[in-house]
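Work through the following exercises with the model in view, and try each task before you read its solution.

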Amino acid sequence: MTSTVGPTRGTEGVDAALTKTVRRTGAAIGAVYLLAPDAQVLCLEALCGAPAEFAAPWARISVAAPAPVADAVRENRLIWVGSQQEMARSYPRTAVALPYPLALAAAPITGARPWGSLLLMWPATHPPRLTRRELGMVTSCCRRLAALLQVAAENGRPFVHADLPRVLPLDTVRPPPTSEQTVVDFADRLPGGCCALDLDGRVTYLNDGAAELLGSDAETLLGTLPWQSLPWLDDPTYEDRYRAAIISREPVSFAACRPPDRWLDFHLYPDAGGVSVRIVPTGGAPPASPAPRRQETATATPARAGQLYQMMHLAAGLTEVVGVQDVVDLVADQIMPAFGAQGLVLSMVDSGRLQITGHRGYPAKVVERLDGLPVDTSFTPAGRALSSGIPSFFADPQEMRRIYPEAVPISGKQAWAFLPLIISGRPVGCCVLSYDRPHTFPAEERAVLTSLAGLIAQALDRARLYDIKHRLAQGLQEALLPHSLPAVAGLDVVARYLPATRGMDIGGDFYDLIRLGDTAAAAVIGDVQGHNVAAAALMGQVRTGVHAHATLGEPPDQVLSATNRLLTDLDPGLFCSCLYVHLDFARRRVSLASAGHPPPLVRLAGLRTAPLDVTPGPLLGVMPGAEYPVTEIPLTAGLLLLLYTDGLVETPGTDFDDSLAELAGHLAVADDRDLDHLIDTLLEEVRPARLRTDDIAVLVLKDRTGPEHLGR
């Protein structure tokens with residue numbers, strides 16, 4: 001569907017910036033995605049160079065999704081995909097639904113805050129990299145869009161997301177038009193036939209030769225889609241060739257058989273305004289591998305190519321979801337819009353009842369009434385659908401009352417699809433799509449929804465198992481990390497642990513603070529290899545070992561040596577980095593020993609901040625007789641130490657020293673009057689709440705004593 005509403009207040013500047021950039025960069029297609037108010041979803045706002053139907057699988061994209069526009073926003077950088085092969089390697093899910101030769105750039109629209117993403121697509125003939133001129137235009141456009149959105153928000157007129165994307169004309173400069181009769185005469189003089197399609201695929205012109213070859217007349221074909229008005233072209237293979245021409249902007253050819261046995265060659269020549277088609281009889285025998293023929297019937301409509309690609313895109317998405325909430329979000333953000341539904345209730349079978357795990361478009365009172373119904377309920381058709389395993393479709397309330405008179409009308413919805421979620425005969429749950437107006441479910445749509453129900457059932461079952469494991473892992477993590485840190489006189493301490501955003505949200509990073517009498521304390525931070533239950537379990541053993549040896553009064557090197565012997569004896573198959581810091585308030589000394597751990601940052605009075613040069617020993621669990629050198633520094637008044645794990649500073653493709661220098665720069669100017677605020681600010685500046693591939697532990701220590709406090 002395409003937005004038929006003209007530009008609303010505030011959209012003209014966005015539309016103009018997009019179309020100008022598409023023209024100046026020579027892109028074939030351009031789009032602007034904007035973040036929804038919750039900043040979790042990117043919504044397609046404007047599109048030019050292609051019909052909205054082409055973008056249906058990507059009308060709403062989760063910021064966490066593995067897609068170019070999402071990566072651009074998440075990572076705040078330009079994403080370049082130079083070929084279809086690169087697309088298949090980097091974004092296989094996108095490549096499934098966009099199997100055409102092309103080059104693609106996605107750039108973040110960022111100002112005072114992230115706003116969204118700009119997407120541009122070129123034919124595959126584009127050079128393997130953006131030129132400097134193109135890069136400058138893309139950057140300039142993103143700045144312009146961010147400024148427009150920022151000004152609108154500051155003026156109290158924030159951008160309001162449209163329900164449907166605006167499809168914009170490119171307004172390319174064309175030569176003055178010649179007379180209509182001249183064009184007709186020119187086309188008629190050419191052998192074969194000629195016709196023209198707009199970007200939506202509708203016939204805008206055809207000459208007499210084309211009409212004769214197609215076996216129809218201009219009156220019947222003008223304004224129609226060829227694969228709908230000509231039954232023998234009603235095959236997704238042929239529509240796909242048109243889509244390939246529009247998206248790749250490259251000439252495309254195919255052969256089709258007009259019944260009973262007349263083969264025709266179609267040559268498609270696309271540009272920004274549409275497609276010119278040359279039709280000529282195929283010479284000699286038909287192609288060796290002709291497109292498959294279909295037996296046409298009046299009761300079934302073959303699936304369109306766009307719908308097939310959308311189905312594949314949805315199926316690929318369901319294979320990537322992790323938790324139950326991910327399934328709910330994908331069904332709500334992609335499957336509901338794909339089928340025009342306004343309501344969703346997704347339930348799971350739990351102890352003989354249907355527990356609602358997610359919903360959209362229903363008031364809280366209705367959800368409360370539907371939640372917890374017995375699996376064999378007669379209150380809604382969900383019970384019958386689950387017991388029979390057969391989906392139920394109701395086009396309007398009258399059909400519901402006729403087929404299922406015992407159903408109680410409580411939602412005000414006007415049409416429903418009840419999809420049982422079954423795996424190997426075992427009911428997993430029920431997915432209900434509903435509509436605010438009567439909705440006819442054609443046979444093709446019923447078939448697609450039935451197929452999707454099987455995929456949703458598999459995804460939901462996997463997600464439930466993941467969530468159970470995740471809760472167990474999270475409980476283990478919470479049990480192994482300290483619930484609170486002990487109070488140490490003369491020392492302010494704050495710690496944070498952030499799990500990775502992928503995987504089981506559990507890892508081997510740990511920290512601890514140990515009181516050693518009235519005049520000393522020890523701080524420890526470490527990182528066990530891996531992000532799983534085994535890593536968390538070993539982390540608990542390491543933390544216990546360090547704590548035990550520290551409380552015996554052993555120096556830092558002996559604490560690490562003893563813990564290393566423990567790990568080598570256990571032989572868990574994992575290794576661990578660790579930094580042990582001993583603070584002696586009586587002697588005003590700090591002693592440190594490292595087992596392959598990143599160096600701490602030290603900030604002295606006057607805000608001078610730098611990594612501390614600590615000579616590291618081997619990782620724990622690698623060498624049984626390893627030694628760990630001790631580094632000593634004075635404990636000056638106001639000294640601040642930042643201990644961290646590598647997840648805070650290591651980023652693929654970024655130099656470690658550069659990341660460490662950036663962290664030191666942030667720490668140097670941070671306000672240390674409130675350590676909680678300091679640590680939260682550092683985490684947001686260095687590692688915003690986006691995709692984290694590693695867990696993070698941070699421990700901040702600040703001395704608040706001086707010589708004048710000794711002896712008290």
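**Exercise 1.** Find where V622 lies, and decide how far V622 is exposed.

*Solution.* Begin with the chain: V622 lies in the loop between the strands β26 (616–617) and β27 (630–634), where strands are DSSP runs of E with at least two residues, helices are runs of H or I with at least four, and both are numbered from the N terminus. The model is a predicted one, in which local features need pLDDT of at least 70, side-chain atom pairs count only at pLDDT 80 or more, and totals for chains, interfaces and linings use all residues. Residues are numbered from 1 along each chain as its sequence is written, and side-chain values use heavy atoms, with hydrogens and water left out. Next, V622 has a relative accessible area of 46%, and therefore counts as partly exposed (buried means under 20%, exposed over 50%, partly exposed in between, with a 1.4 Å probe and protein chains only).

**Exercise 2.** Determine where R23 lies, and whether R23 is buried, partly exposed or exposed.

*Solution.* First locate R23, which is part of helix α1. Then take its relative accessibility, which is 40%, so R23 is partly exposed.

**Exercise 3.** Describe the protein as a whole by its helices and strands, its buried share and its contacts.

*Solution.* Start with the count, which gives 20 helices and 29 strands. Of the 712 residues, 51% count as buried. Finally, among contacts (heavy atoms within 4.5 Å) between residues at least 6 apart in sequence, 63% join residues at least 24 apart.
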